[in-house]
Amino acid sequence: MTHYIIRRLLFAVPTLIAISFILFALLDLAPNDPTGQLPLTIPAEAREQIRESLGLGEAFHIRYAKWMEQFFVNEPLNLIERAFGVEIGASEERLRVRSWATRSPVVDLIIERLPQTLWVVGLSYLIGILIAIPIGIVSAYRQYSWFDQLGTFVSMIGFSVPTFFTGLLAIIVFSVTLQWLPSIYDTTHRVTDLSSFWVQIKQMAMPVMVLALFNAAQISRFMRAAVLDNLTQDYVRTARAKGLRERIVLFIHVLRNSLIPVVTLIALGIPTVFGGAIITEKIFRVNGIGELLITAIQGADIPLVQTLSFLFAVLIVIFNLIADVLYGILDPRIRYG
Amino acid sequence: MIGKCAITLAIAALAVAMLSTTALAERGRDGQLKILYWQAVSTVNPYLSGGTKDIEAASLVLEPLARYDETGTMTPALAADIPTVENGGVAADLMSITWPLRQDIVWSDGTPFTAADVVFSAEYCLNEEMGCNPLSSFTDVTKVEALDDHTVRINFGVAKPFPYGPFVGSTSPILQKAQFETCTGAKAQTCTEQNFRPIGTGPFKVDEFRANDVIIFSANENYREPDKPAFATVTFKGGGDATSAARAVLSTGEFDYAWNLQIEPEVLEQMVANGKGQVVAGFGTMVERLVVNQTNNSPDLSKDKRSLHLDGTNPHPFLSDPAVSRALSLAIDRQILVDFGYGAAGQATCNVLPAPPVYASNANDACMTQNIEEANRILDEAGWLPGDDGVRERDGVRLSILYQTSTNSVRQGTQALIKQMWGQIGVETELRNIDAAVFFGGDPASPDTYMKFYADIQMYTNNFDGVDPEAYMANWRCSEIPGPENQWLGGNIARACNAEYDALAAEMAVTASLDERAAIGKRMNDIIVQNQYVIPLIWRARVSAHANTLKGVRVNPWDSELWNIADWHR
Amino acid sequence: MPAAQSSDLTAPSRGLQRHRSLWMDVWLAFRNHTGALVGAGVFIAISLAVALGPLIHTVDPHYLDILAKNEGPSLKHPMGTDNLGRDTLAQVLAGGRISLAVGFTAMMIALVLGTLVGVLAGYFRQIDGLLMRLTDMFLALPLLPLLLVVIMLFRDSLRAAFGPETGIFLLVVFIIGITSWMQTARIVRGDVLALREREFVTAARSIGTRRRRIITRHILPNVLSPIMVSATLGIANAIITESALSFLGLGFPPDFPTWGRLLFDGANFISVTPERVLWPGLAISLTVLSVNYIGDGLRDALDPRLRGA
């Protein structure tokens, strides 16, 4: 297994470099422009100067090389300096990856945004999984019972009604009509005591629930299908025939095998947690990573989009590896040659 | 006992009354003000801004020499007086303007504001490596010099009939030299601390800035008026969309002020019915218009011909016929467009230059009423006759229009309405909407920018900063036609070339009298509209909403909406 | 397991009585599945309504009757009108044609691609790494810039070749398909990895069964349930993604109604004219629900352990 992991990690390096190049080329090719959102009152000559000042005048390969250097050399050095309080070389002179819209270092922006994304999107993912797995198991075990029918109905509604609509509905019910919950998330709010914790819970309630419904819907469907598949397998019959208690059959034998596809799904979903939830973040103004990415894309803020997408790619590669390792643990029959 | 009680009560009441009167005059007495901009602020340095949102947020901190009030009148801010030719502030040859500065101004860090700061701010913007946003305000500026600590002279290379470009209005305020000294040229990009927390002279200072999310301001204790601002802190939140921003002020009351609410009127009306706030609108120079392509943009043409003027050798197959474009304008019922998408935030207009009032022409008001019969008659007379499918044609050329605009629900509704109106005069329309970042982006490689104009008609809004239209009207000169030779960087998007117009533009550039400038401006407007280079549709207002408890808001279409935030109170 | 036991008992005798094809068996099992029948019924009803509805309700979905805007339900406009005076019912019917077509075609593309990549990667170790890295890359691509590039590169040529509507349809379907197969691929691959080592596959391999036969007869039927779930979710995803595309100006022309777009445009009017969001939302949900039940029934019917014989 260790051998396998090391080989995969080594293989990941060229993969990621290839991805970074494709991303950069794609963003360069895209027809949107960083001056596109400036007021039309700014004349063309000034726009040209702004473009030059952003470094857009240089050739593609030079810009790519610069980004590579800034991202793989300068930014890690900077993080080390910040973490250990040391100075390595001329840190003032080092060029950092800077967002075009804010002219500030991209890494600082991401660090600023991570807490709210992890709070809201991460929590909703966790809640989604915690709801989905029991629902999936019960729905499958009692297939076509009223519980299963209700679960199917709710999860299909949850998946087919987009979050821009459920979010709006939640705001109209809980913020406008009942006035229980705030419709705008305050990112500067700090939890210091019980009452401020309560405020935090209140402001997270709607975005978390909206997203959790969406996540739970999807995961519970896959969970149900997987459990259904396994319930009819021979080994289950054997286990029952051996006289094992039903609970042990279900929770040890069936669950372990059913989790294989679901683990893939969950592992695949974790990078999207870090990627944020674009629509939900926008509706509730959580202003996390998802909002950062969409604003950057709309404003053609190439350094920011490139860096975010690349970090995202790194997470995807890592979590796919984790999923593969988990397969091996969950199912000893799987061998990686 | 009772008497004693009454006396103590009376004293207590008196004390409370005294406290509240002193409190009335105190800075920061009204606590927190919550402002919501649905486009989040990306920087507090207006010289590097990404749009109006950044400039307006910065206007809480940074101030210009003079600003425009809600009527478009110039009022001094950091200047002691407005220089004019009459008071000798503007040189008789119009080659320079001398600003006297107020002597009592200090920056929020306590240091005095001097002419050196003004001189520095000009140098900061004029540095070519900097990519200065309000560069056009500094057109023709040759030198900015400090005559003494509180007098600044701005010299121009040519005679400037309207010398109030630099440092007037919130687009080009004064930066503190001491803070920005190390941030000139290419380094402007890397001065994050300075760009995010500029030191200013305005009523507030930046406490915390989260790019594209939120700014926390607090009252500037060194502000020149001791009893202002009334609010101790301002939370300036960004993100989301216009409808939910309106909802946060009008329906839930979570915020006090929301900006730029272009929302369907019935939705807004319903929110206002909640009684928590009100909608305010101010009409400036914004006009939603159809730009009529005067050149052939057929996709069959090669890249070096499509939508290019080529000295008039590449005319549009039918839109260059004045009969057609006149009929198109006549067929539009502008009031329906207003009722559908704008309500109180728009008025039907027939001018590309609707304001200031002296410049507004009334020679074109005939277009205000829809006249389908007249439009049909014009087309019949010009020989455009309906074919088998009802679409008019002449010599094998069909009146089939590709009509593009940026993506935005009001614009798409307007497109659908106009398509139906044109259907009534036998004109076929294909609609297209393009993501705004592409449409307004200047990427020369993209076919979908409004400068390339690979369509027959396109719709967008344009306006100009301040009150002087000279630079804006100069856009329609022949030399401004976009093409590969100028990287599509020209303002004459319609690709119209009119010798009389060019002569008028040249005349305006040397005319100083406001009345004469107004007469020239009107004539230029009439040429554009009567030749249908541009079909004006709607004169748009700036629309914002504020809570009923918030007092002192005077919505201003000529400058930052938050220009008088020092006077806001509960 | 009463069902399995009884079929075990009866299957041989039935098999002796009459020879039936596999698909006949599937149909018989499907017919006994109430949920699947109801789902199929609803789905056929929706399809028929969308296909034939405009012949009965003959109002032009593009016609703007500005005097009759924001109306509630009436005989003339059974679902009311929008803020431009367009008839909501006519729009839902017209929008359904596009949404269903886009939803199905895009889902099929994603499903075929995903299953193909997943099975190949899971079964053939040599190409597993390569295919999975390709999947990683597609997962990492940011959708919006990709769309902008694809639209820029291909819109005009497709428009010239197929006209504005068909051209955009092909583009939209292709884009959604090509960007949503990865999850299916990963899940199918995970299942195949486990199946490959199972006794019946090893047995089939040891008696010299050809690879293609192993995959089609032994592997594919066993990964059917995650594929069916992917299909259900894929339709919903395609319908919603299409609305996001048209919202961004990357999809169909703005005056083209689709369910997702109707829902999106109507969302702000939820308190003015709730019908505008109710009906398209219901249409999407009902379609997804019915497809889900059909998928359930199909899966059960195709599962030999449940069907017997």
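Helices (H or I, at least four residues) and strands (E, at least two) are DSSP runs, numbered from the N terminus. The structure is a predicted model, in which local features need pLDDT of at least 70, side-chain atom pairs count only at pLDDT 80 or more, and totals for chains, interfaces and linings use all residues. Residues are numbered from 1 along each chain as its sequence is written, and chains are lettered from A and ligands numbered from 1 in the order in which they are written.

**Figure 1. Two non-glycine residues with positive phi, D140(B) and Q179(A).** D140(B) sits in the loop that runs between α3 (115-126) and β5 (141-148) of chain B. Its phi is near 70°. D140(B) has 14 C-beta neighbours inside 10 Å and counts as partly exposed. A residue is buried if 20 or more other C-beta atoms lie within 10 Å of its own, exposed if 12 or fewer, and partly exposed in between, with C-beta atoms placed from the backbone. In chain A, Q179(A) belongs to the loop between α6 (163-177) and α7 (194-231). The phi of Q179(A) is about 55°. Q179(A) is also partly exposed, having 13 other C-beta atoms within 10 Å.

**Figure 2. Cis peptide bonds at P229(B) and P356(B).** K228(B) and P229(B) are joined by a cis peptide bond with omega of about -5°. P229(B) is placed in the loop between β8 and β9 (233-238) of chain B. The bond between A355(B) and P356(B) is likewise cis, and its omega is about -5°. P356(B) is found in the loop from β12 (346-348) to α10 (372-381) of chain B.

**Figure 3. The largest nonpolar core, viewed around V249(B).** A nonpolar core is a set of buried Ala, Val, Leu, Ile, Met, Phe, Trp, Tyr and Cys residues joined through C-beta atoms within 7 Å. The largest one holds 344 residues. L36(B), A246(B), V249(B), A258(B) and V534(B) have the most contacts inside it. Leaving aside residues up to four places away in sequence, V249(B) touches L36(B), F255(B), D256(B), Y257(B), A258(B), G277(B), A545(B), H546(B) and A547(B). Two residues are in contact if their C-beta atoms, placed from the backbone, lie within 7 Å.

**Figure 4. The contact between chain B and chain A.** Chain B contributes 54 residues and chain A 48 residues. On the side of chain B that touches chain A, α5 (192-196), β7 (204-210), β8 (214-219), α6 (242-250) and α12 (436-439) each supply at least two residues. By class, this side of chain B has 18 nonpolar, 24 polar and 12 charged residues. Ala, Val, Leu, Ile, Met, Phe, Trp, Tyr, Cys and Pro count as nonpolar, Asp, Glu, Lys and Arg as charged, and the others, Gly among them, as polar.

**Figure 5. The contact between chain C and chain A.** Here 49 residues of chain C meet 50 residues of chain A. Among the elements of chain C that each supply at least two residues to its side are α6 (143-178), α10 (224-247) and α12 (275-302). α5(C) gives the most, with 8 residues. The side of chain C that touches chain A divides into 32 nonpolar, 9 polar and 8 charged residues. Chain A itself has 12 helices and 0 strands.

**Figure 6. Domains and low-confidence stretches of chain B.** Domain bounds come from an automatic or database domain assignment. For chain B, the assignment gives domain 1 (1-58 + 202-276 + 548-570), domain 2 (62-183) and domain 3 (285-351 + 363-465 + 493-498 + 528-541). Between the C-alpha centres of domain 2 and domain 3 of chain B the distance is 40 Å. Chain B contains 15 helices and 19 strands, and 56% of its 570 residues count as buried. The mean pLDDT of chain B is 89, and 96% of its residues reach 70 or more; pLDDT is the predictor's confidence in each residue, from 0 to 100. Over residues 1-6 of chain B the pLDDT is below 50, and this stretch has 0 contacts in the model beyond near neighbours in sequence. Residues 13-23 of chain B also stay under 50, with 1 contact beyond four places in sequence. Where pLDDT is low, the predicted coordinates should not be read in detail.
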